[in-house]
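I opened my notebook to go through this one piece by piece. Here is what I looked up, in the order I looked it up.

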Amino acid sequence: MRMRFLSAMLLIFSCTFCLSCRTAPYPDPYEEYRRSLQEEIGELDWSGWPQIQSIDAVGENERQYREYFHIDWPELEQTVYYRLGTVSWQNGLLGVQVFLPREASQGTIFFAPGYLAQSGIFSDFIQYLCQQGFAVIAFDLPGHGISSGDRADIDSFENYGNAAAALVDFVQQKKDVFLEQGLTAAQALPQPWYAVGHSTGGATFMIFAEQKRRQQAELPFRAYALLSPLVRPVFWTPAIVFAHISYPIRRHFRPLKQSPELLGVETFPSNWAFSLSRWRSEIDDYAQFDFPVFLSQGGRDTTLNYKAGTRFVREHFPQTESHFYPELGHIIHQTSPLHRAVWQDMVRFFQNLSLIE
């Protein structure tokens, strides 16, 4: 009797699993809007820079985007030069936002959000950085937000670094043009430049650094801030084993934490996990880097193995200043005192570097 019961349960489970086959991504409800927005904003245009651009002077799709993510704080239209546009890379487009305060005196931050996230949800974080005198250039990772690409997927983690490189090259070219036109260095995105990445955004800038080392090229950033950087997810071994077993009949899942916001992600592809697995097999061969790094880790991070992340960063970035927040989870964009403490510590870290110089 027990064997029959177990056999029946196994049959039910197998049938349920097979009936839930999904080798194609879940439909993207924002595909049409994304394309319309990309066409409307076009390539990141800095002609006439620096000039204040009112939200009333932009197209309908951009206005919807800015209103949804509250990129309309009072100081924005009074003191911050703002542009939204795209930058070409490989065969796709990166969604990019530029925030340049009139009194930008602290430097320029290049910001990359994490997996299943986009720069729009970090509006409060970016506002805080602008208030502290930083210019901010934020971009969506490929397959996220405004950026093109298969949703939440990447064939190789090297492409995250390639995307960052395309943005840096684009901005550097624009900066040189502005200087030739007589703009001051502060108006043309002030030095020093810093790289700030959250989760997979942090991994993106680590990959970028390694790519520059292999190319024997100079790194354009004075320092990094790695905010809960992706190195090893929790429960990684059973997760990747399950992904391999299920791949023949199920290649896409609903994310554990779906994105309810505009341009959010509706699918999680197993292929991304395989790309992560390949990257993880490569990172132990990364060189050591001699520039300063601010590292934040939360004690309640249920997404990443923060101990493994801390160990890796300290080994490969010896000038790391670690900040551990026992009550902090994985996200850093909320406006609670706990989250703002991370922002403040990071800004203080950058400011102290400027004092040393």
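**Entry 1: a pair within one helix**

In which helix do Glu210 and Arg214 lie, and how many residues apart are they? I found both of them in helix α7, 4 residues apart, which is about one turn of the helix. A reminder to myself: an α-helix has 3.6 residues a turn, so residues three or four places apart point the same way. I should say here that I am working with a predicted model.

Next I checked how the two side chains meet. Glu210 forms a salt bridge with Arg214, and the closest N and O atoms are 3.9 Å apart. That sits within the 4 Å cut-off for a salt bridge. I then looked at accessibility. Glu210 is buried, at 3% relative accessible area, whereas Arg214 is partly exposed at 45%.

**Entry 2: the other partner of Arg214**

I followed the Arg214 side chain onward and found a salt bridge to Glu158, at 2.7 Å from N to O. Arg214 belongs to helix α7 (residues 200–214) and Glu158 to helix α6 (residues 158–180), so this pair ties together parts that are 56 residues apart in sequence.

I also looked up the total, and the count comes to 9 salt bridges.

**Entry 3: a bridge inside a loop**

I moved on to Glu266 and Arg254. Their salt bridge has its closest N and O atoms 3.4 Å apart. Both residues lie in the loop between β7 (252–253) and β8 (268–269), 12 residues apart. Glu266 is buried, with 16% relative accessible area, and Arg254 is partly exposed, with 38%. Back to the bridges of the earlier entries: through shared partners, Glu158, Glu210, Arg213 and Arg214 are joined into one network.

**Entry 4: helix α9**

How many of the residues of helix α9 are buried? I got 8 of the 11 in this helix (residues 270–280), so α9 is largely enclosed by the rest of the structure. Among the buried ones I noted Trp272, Phe274, Leu276 and Trp279, along with Arg280. Then I asked what covers them, and the cover includes α6, α7, α8 (236–246), β7 and β8.

I took a closer look at α8. The axes of α8 and α9 come within 10 Å and cross at roughly 130 degrees. That angle makes α8 oblique to α9. The crossing in which α8 passes α9 is left-handed. On the α8 side the contact is made by Trp236, Ile240, Ala243 and His244, and on the α9 side by Ala273, Phe274, Leu276, Ser277 and Arg280. Sorted by class, this contact of α8 with α9 has 6 nonpolar, 2 polar and 1 charged residues.

**Entry 5: another helix pair, α2 and α3**

I wanted a second pair to set beside that one. Helix α2 (residues 31–41) and helix α3 (residues 60–68) pack at an angle of about 110 degrees, with their axes 8 Å apart. They are therefore roughly perpendicular to each other. Their crossing is left-handed.

I listed the residues that meet: Tyr33, Ser36, Leu37, Glu40 and Ile41 in α2, and Glu60, Asn61, Glu62, Gln64 and Tyr65 in α3. By class, the contact of α2 with α3 divides into 4 nonpolar, 3 polar and 3 charged residues.

**Entry 6: two loop residues**

Is Ser228 buried or exposed? Its relative accessibility is 0%, so Ser228 counts as buried. This serine lies in the loop between β6 (223–227) and α8. Leaving aside neighbours within four places in sequence, I found Ser228 in contact with His198, Ser199, Ser296, Gln297, Gly298, Asp301, Leu304, Gly329 and His330.

Last on my list was Thr303, in the loop between β9 (293–298) and α10 (306–316). Thr303 counts as partly exposed, at 32% relative accessibility. With neighbours within four places in sequence left aside, Thr303 is in contact with Pro233, Val234 and His330. I noted that His330 appears in the contacts of Ser228 too. I also took one distance: the C-alpha atoms of Thr303 and Ser246 are separated by 21 Å, and the two residues are 57 apart along the chain.

How values were computed:
Residues are numbered from 1 along each chain as its sequence is written. This is a predicted model: local features need pLDDT of at least 70, side-chain atom pairs count only at pLDDT 80 or more; totals for chains, interfaces and linings use all residues. Side-chain values use heavy atoms; hydrogens and water are left out. Buried means under 20% relative accessible area, exposed over 50%, partly exposed in between (1.4 Å probe, protein chains only). Contact means heavy atoms within 4.5 Å. Axes are lines fitted to C-alpha atoms, for helices over the stretch in contact, and angles run from 0 to 180 degrees between N-to-C directions. Angles under 35 degrees count as roughly parallel, over 145 as roughly antiparallel, 65 to 115 as roughly perpendicular and the rest as oblique. A crossing is left-handed if the near helix is turned anticlockwise from the far one by less than a right angle, and right-handed if clockwise. Ala, Val, Leu, Ile, Met, Phe, Trp, Tyr, Cys and Pro count as nonpolar, Asp, Glu, Lys and Arg as charged, and the others, Gly among them, as polar.
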